[in-house]
Amino acid sequence: MIRVLIIDDHHAMRRGLENVLSETPDLVPVATGSAEGDLWHLLKRTAPDVVLLDYHLPGQDGLMLCHRIKSLTLAPRVIIYSAYADESLEIAATVAGADGVLNKNAPANELFAALRGGPGDEPAIPAPRAEALSAAARKLDDGERPLLGMLMQRTPLPDVADALGLPLDEAASRVRGVIGRLRVRVPAGAE
Amino acid sequence: MRPDVPGARPADPSRWFGLFLITRAAGAAVVPPLLILQDLTSTEYLLGALALGYAGASALLLARVRVLQTSLAVWVVDCLAVLGLVVAYGEWRTPFYVLAISALVLPTTSLPPRRAVAFGAGFTLAYLAAAVIVGVDWEEVSTTARMQSFGAMLLVPMIVTVLLAFAAHLLRRLERERQRSERLALEAERQRIAWELHDSAKQRIHAAHLLLSAVSDANLASRSVELALEELRAATADMDTSLRDLREPLFEGASLGEALRQWAQRLQAASDVRIDVVGDAPTLPAFTAAQAYRIGREALTNAVRHAGASEAEVVLDFTGERLNLLIRDDGTGLPDGAAGAGTGLSSMRHRAEALGAELDIVSRGDGGGTIVALDAPLAETSRT
C-alpha cells in the first residue's frame, strides 16, 4: 500500500487523480490539497509515502515546496507533476531533490509507475543532456555553478554545506537561490 | 526600434482641411464688402475677382488632390500667392488679410510644433516685407493708433500659428496615446485568455485524459477510448500552440514591415529560403497591425515549412485607407484538403474576418507556388 498526498490547484485534476488512484489496489489517495496552505498539516496528519506535487501553484511553486519537504527528517518521496515537464524542469527538480518528474499528459500507467517508484526507491529522473545542463548553468552565476554540480549528483545538504564551508541554513538558502534561478518560465499569469 | 515618429508627419491632413476651407471661404467673403466700402476702382475690381477666383480654385484643387495638402512646396506657393495679392493691392491695410491668414492653417497643423512656429515666423516676416515693398508711411504709423494696428496685423499670424500648432500637437499626442492604450488593452486581453487556457481548460483536459487512460489500462479498452485519448492529446498540443502564440508579445513600436522583415530574417537563418519584404505600413491601428502580422507570418512559415519554397516575397501596400498584404512563394503549394492541419489556414481566415478584410489564398501545385493576399480596410479604425 502506497499512501499518496495530492497537491494540485485545479479541482478537476484533484478529482481525477483521486478517482484514478482509488481504483488502483496498491495506491491510496490519503488526502488532497490545493496549495502550500494545505500541505504542511496534511503531511503531518497523513504521513504519506509519496507527495504528488503540482509545479504551478499559487504562492510558492512546487519546486520550492519540494525542497522544503525533502529537508524534513523522514521526508516522503516527491513527484513533480507539471503540464510543461521538460528537461529544464527535470534539472530544476533534481536540484530541488524531487524523486520524479511527470508530465500531466502521461497516461495513468505511467503515473502509477512514478508513484510506486523504482526498486530501492532510487530517484527516477533521467540524466539530462549536456546541452540542457549547460543551458541551466548559464542561468547561474559563477559561485552557484559548483552547487549545481553537487546537487545534480544528489549530494546531501550537510555535505554540500561542508564542501562550501558554510553553516547548514546558509547552504540551504543558497540552494533555494539556485532553484529560484532555474525556475522554468511558465505561461502568462500562471505563476 | 521606431522607424517612424508619428508626430513628425501629418497623421491625417483632412482633419484640419475643414478649418482651412472655412477660413479661406471667410477670407474670400470679406473681400467684396471691403472693396465696395473703399470705393472700387477698376484695377481693384479686377484684383477682387482674382482673389475670389484664387480662393475657390485653391480650395478645389487641395480638396481634389489630397497629397498637395501636406506638401511644403504647395504651402509656400500658396503663401506667396496671397502675399502677392497684398502687394498688388498696394497697401498693408488690405482686404485680403483674412485670405492671407488662411494660408497658415495647413502648414501649422501638419508640421511638428517647432517647425510650424518657424513657418509662421517666416510668414510674418514675409508679410512685413510685403508691407515694406508697397511702402509703409512711417510718419503715419508713428501715431499711436496706426502703430497699434500695424503691430496687431503682424502679431495675428503668429498667434494663429502658435494656437494651431499647439492644438494639432495635442491632438496627435492624444491619438498616439489612444493607440498605445488600445495596444495595452489588447495585450491584457491576450494575457487573460492565455491564463484561462492554461489554468483551467488545459487542466481539465489533462484530468479527462488521465481518467480515460485509466479505463484503457483496466482492459476495458475499446477503439473509442483510444481515439478519445488521441483527441485529448491533440487538444493539449493545440492549446500549447495557442498559448505560445498568445504569450509572444505584440510587436511594439516597430512597423508592420519591420516586424515581418525580422520574422523573415529568422526564417532565412533557419533555412535556405530567400525572402524579400517590399514596402511598409508605418501607421496602422494596433489591432490591424497585429492581425496582418500574424497572417503574413503564418503564410511565410507555410512557404518555408510545408511548401519547400526556395524564394518568397512579401509586398506591403498602404494607401492610408486600405492595407494590402501579399505573400508569394515558389513552393509546391499547400497540401490537398488543406483547410488542413498545421498550416493555420483557418486561423488566417479568422484573423481576416476580424478585420473585415478579404483574404485570397491561391495554391497552384507542381511548383506553381502559393499566393496569399490580404485586402483590409482601415476606414473605421484609423480615423477619430
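How many bridges join strand S3 (residues 322-329) of chain B to S5(B), and do these strands run parallel or antiparallel? In this predicted model, 7 bridges link the two strands, and their course is antiparallel. Within this pairing, Leu325(B) lies opposite Leu374(B) of S5(B). S5(B) is also joined to S4(B), here by 6 bridges and again in antiparallel fashion. Ser363(B) has Thr370(B) in S5(B) as its bridge partner.

The side chains of S5(B) follow an alternating pattern. Thr370(B), Val372(B), Leu374(B) and Ala376(B) are directed to one face and are buried. Ile371(B), Ala373(B), Asp375(B) and Pro377(B) are directed to the other face and are not buried. Such alternation between the two faces of the sheet is what a regular strand shows in general.

Helix H12 (residues 345-354) of chain B can be read in a similar way. Its residues Leu345(B), Met348(B), Arg351(B) and Ala352(B) are buried. Because they span an arc of only 120° around the axis, they lie on the same side of H12(B). Ser346(B) and Glu353(B), on the other side of H12(B), are exposed. The cover over the buried residues of H12(B) includes helix H11 (286-305), strand S4 (358-363) and strand S5 (370-377) of chain B. After H12(B) comes Gly356(B), with a positive phi near 65°.

These elements belong to a chain with 13 helices and 5 strands. Chain B has 384 residues, of which 33% count as buried. Among its contacts between residues at least 6 apart in sequence, 73% connect residues at least 24 apart.

Chain A comprises 191 residues, and 38% of them count as buried. Its secondary structure consists of 9 helices and 5 strands, arranged along the sequence as β-α-β-α-β-α-β-α-β-α-α-α-α-α. Of the contacts in chain A with a separation of 6 or more, 64% are between residues 24 or more positions apart.

How are the strands of chain A ordered in the open sheet? The order of the 5 strands is S2-S1-S3-S4-S5, and their pairing is parallel. Strand S2 (27-33) and strand S5 (100-103) of chain A occupy the edges; each has a single partner strand, so one side of each has no neighbour in the sheet. From one strand to the next, the twist averages 25°. Strand S1 (residues 2-7) of chain A is joined to strand S3 (residues 50-54) of chain A by 4 bridges, with the two strands running parallel. Ile6(A) is positioned opposite Leu52(A) in S3(A). Helix H5 (residues 108-116) of chain A packs on this sheet and touches S1, S2, S3, strand S4 (77-82) and S5 of chain A. The direction of H5 makes about 170° with that of S5(A).

The nonpolar residues provide a further view of the packing. In soluble globular proteins, nonpolar side chains tend to be buried together. The largest nonpolar core of this model contains 49 residues, and those with the most contacts inside it are Leu52(A), Leu53(A), Cys66(A), Ile79(A), Ile80(A) and Ala92(A). Domain 1 (2-121) and domain 2 (130-182) of chain A each contribute at least three residues to this core. With neighbours within four places in sequence left aside, the contacts of Leu53(A) are Ile7(A), Gly62(A), Leu65(A), Cys66(A), Val78(A), Ile79(A), Ile80(A) and Tyr81(A). A second, separate core has 38 residues, among them Ala259(B), Leu316(B), Ala352(B) and Val372(B). Of these, Ala352(B) is one of the buried residues of H12(B), and Val372(B) is on the buried face of S5(B).

Two loop residues of chain A deserve separate mention. Most residues other than glycine have a negative phi. Ala47(A), although not a glycine, has a positive phi of about 40°. Ala47(A) is located in the loop between helix H2 (36-46) and S3 of chain A. Is Ala47(A) buried or exposed? Ala47(A) counts as exposed because it has 12 C-beta neighbours inside 10 Å. Arg154(A) is likewise not a glycine, and its phi is positive at about 60°. The position of Arg154(A) is in the loop between helix H7 (145-152) and helix H8 (157-164) of chain A. Arg154(A) has 12 C-beta neighbours inside 10 Å and therefore counts as exposed.

Technical notes
Residues numbered from 1 in each chain as written. Chains lettered and ligands numbered in written order. Predicted model: local features only at pLDDT ≥ 70, side-chain atom pairs only at ≥ 80, totals over all residues. Buried ≥ 20, exposed ≤ 12 C-beta atoms within 10 Å, placed from the backbone. Contact = placed C-beta atoms within 7 Å. Core = buried A, V, L, I, M, F, W, Y, C linked by C-beta atoms within 7 Å. Domains from an automatic or database assignment. Pairing = 2+ DSSP bridges. Axes fitted to C-alpha atoms, helices over the stretch in contact; angles between N-to-C directions. Arc of directions from axis to C-beta.
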